[in-house]
Structure formats: C-alpha cells, structure tokens
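User: Please take a close look at the nonpolar interior of this chain, and relate it to the overall fold and to the residues that lie around it. I would like one connected account rather than a list.

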Amino acid sequence: MRNDTARWTPPGPLSMEAPGVRVSEAPLPRQVYISGIGVLDRFEHERVEWPDIAAGETYALSLRRDRVLYVGDPGLAPGYHPGGLAVTDVTDGYRVLDVTGPTALDLLRRGAELRLDRPSRSVMRRVFGIDILLYRRGGELSFRLHIPRAHAQALATHLRA
C-alpha cells in the first residue's frame, strides 16, 4: 500500500496572538457524547446553550434535543445504559481553542453571523464553513471552540488570515 503521509504537514500548534485577541489551545480532561431521550433534562443544571457562559470544570454543551457533549467526567462508562442513554468518548475527536480579548467576537464574526442577543438551544455553529461547538467560557469576552480534529488546521488558517 502506498504511504502518502509525507504529502501533508502534521498538525501544529493552533495558538496565535493579534492586537486585542489571543487564541490558545485548551486541554480538556474528557469529552463525551451522551445521547438519548430526555438527555437535556438530565443535565439541566450543567447545560450550556448559546450564548451562555460555561462555569466550572464540568458542563454539558447542548447540541440538539437528544444529545449533549459533556466536558469532564459524567461518571458514565462508554456504551448503552438503562433508560436509553448512549455514551461515546470523543476526547480525541476535537481540538479545543480559547479565543479571548476585546476583539474576540469580532474575529469570530468574520466567519459567521454571531449574535449574543439571539439565544439558541444549541452551541453548534458554522464558522468559516466549518461546523464547530462555540460558547462563552469564563467571561463575556472569552469564547471556547471545539473543532473536529480533521478541520482544526483549516480553521487556524482562517483565523490567522
């Protein structure tokens, strides 16, 4: 079988800095998809929707009516659980970036229509043509992005431009 790995550069660090904005990688302990009927109600106190600000070290990102991405350890092993819950560890499926600073929202708005005055139940957004999970973390001007690992370099290229 032919080996084409030398044709692409390996993914590098995604950190960068510009006037008024800083982009840095955020290491997270674990990321877990939890799917099933009533999953949003189960994580009601930890659930983060757009444009909520995530607090604490563990929280559940609302993706759709039957799925959350739990950041941290939900105390559930991967697999099917009684009550119809399905748990999948996707820790290695996403690279996570923090975008902070007074012009962070302006930078992200270059790639998407983002409005803080329009709430949404889901944190899923399309930024620069890439489906990501976007929410505020730690403050009004701090955003966290979960980017599918295969698209992280493409997003970094758009942010640098």
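Analyst: **The nonpolar interior in its setting**

The chain carries 22 positive and 19 negative side chains, and the centres of these two sets lie 5 Å apart (Lys and Arg count as positive, Asp and Glu as negative, with His and the chain ends not counted; each charge is placed at NZ of Lys, CZ of Arg, CG of Asp or CD of Glu). The model is a predicted one, in which local features need pLDDT of at least 70 and side-chain atom pairs count only at pLDDT 80 or more, while totals for chains, interfaces and linings use all residues. Residues are numbered from 1 along each chain as its sequence is written, and side-chain values use heavy atoms, with hydrogens and water left out.

As for the fold, there are three helices and 13 strands (DSSP runs numbered from the N terminus, helices being H or I of at least four residues and strands E of at least two). The radius of gyration, taken over C-alpha atoms, is 16 Å, close to the 15 Å of the globule rule for 161 residues, so the chain is as compact as a globular protein of that length (the rule is 2.2 Å times the number of residues to the power 0.38). Of the 161 residues, 47% are buried (buried means under 20% relative accessible area, exposed over 50%, and partly exposed in between, with a 1.4 Å probe and protein chains only). Among contacts with a separation of 6 or more, 69% join residues 24 or more positions apart, a contact meaning heavy atoms within 4.5 Å.

The largest nonpolar core has 25 residues, and those with the most contacts inside it are Leu-134, Phe-143, Leu-145, Ile-147 and Leu-155 (such a core is a set of buried Ala, Val, Leu, Ile, Met, Phe, Trp, Tyr and Cys residues joined through side-chain atoms within 4.5 Å). At least two residues of this core come from each of strand S2 (21-25), strand S10 (94-100), helix H2 (104-109), strand S12 (130-137), strand S13 (142-148) and helix H3 (152-160). Leaving aside neighbours within four places in sequence, Leu-134 touches Trp-50, Leu-108, Leu-114, Val-123, Arg-125, Phe-143, Arg-144 and Leu-145. A second, separate core of 16 residues includes Ala-54, Leu-63, Val-90 and Val-96. In soluble globular proteins, nonpolar side chains tend to be buried together.

Two backbone features can be set beside these contacts. Trp-50, one of the partners of Leu-134, is joined to Pro-51 by a cis peptide bond with omega of about 0°, and Pro-51 sits in the loop between strand S4 (47-48) and strand S5 (53-54). Phe-128, in the loop between strand S11 (124-127) and S12, has a positive phi near 55° although it is not glycine, and it counts as buried because its relative accessible area is 18%. Most residues other than glycine have a negative phi, and most peptide bonds are trans.

Ser-62, in strand S6 (residues 59-64), is buried at 1% relative accessibility. Beyond four places in sequence, the contacts of Ser-62 include Glu-49, Arg-121 and Val-123, and Val-123 is also among the partners of Leu-134. The C-alpha atoms of Ser-62 and Arg-121 are 6.5 Å apart, although 59 residues separate the two along the chain.

Arg-149 lies in the loop between S13 and H3, two elements that each supply at least two residues of the largest core, and is partly exposed at 42% relative accessible area. From C-alpha to C-alpha, Arg-149 is 8.9 Å from Val-96, which is 53 residues away in sequence, and Val-96 belongs to the second core. With neighbours within four places set aside, Arg-149 is in contact with Thr-91, Asp-92, Gly-93, Tyr-94 and Arg-95.

His-45, by contrast, lies in the loop between helix H1 (39-42) and S4 and is exposed, with a relative accessible area of 81%.
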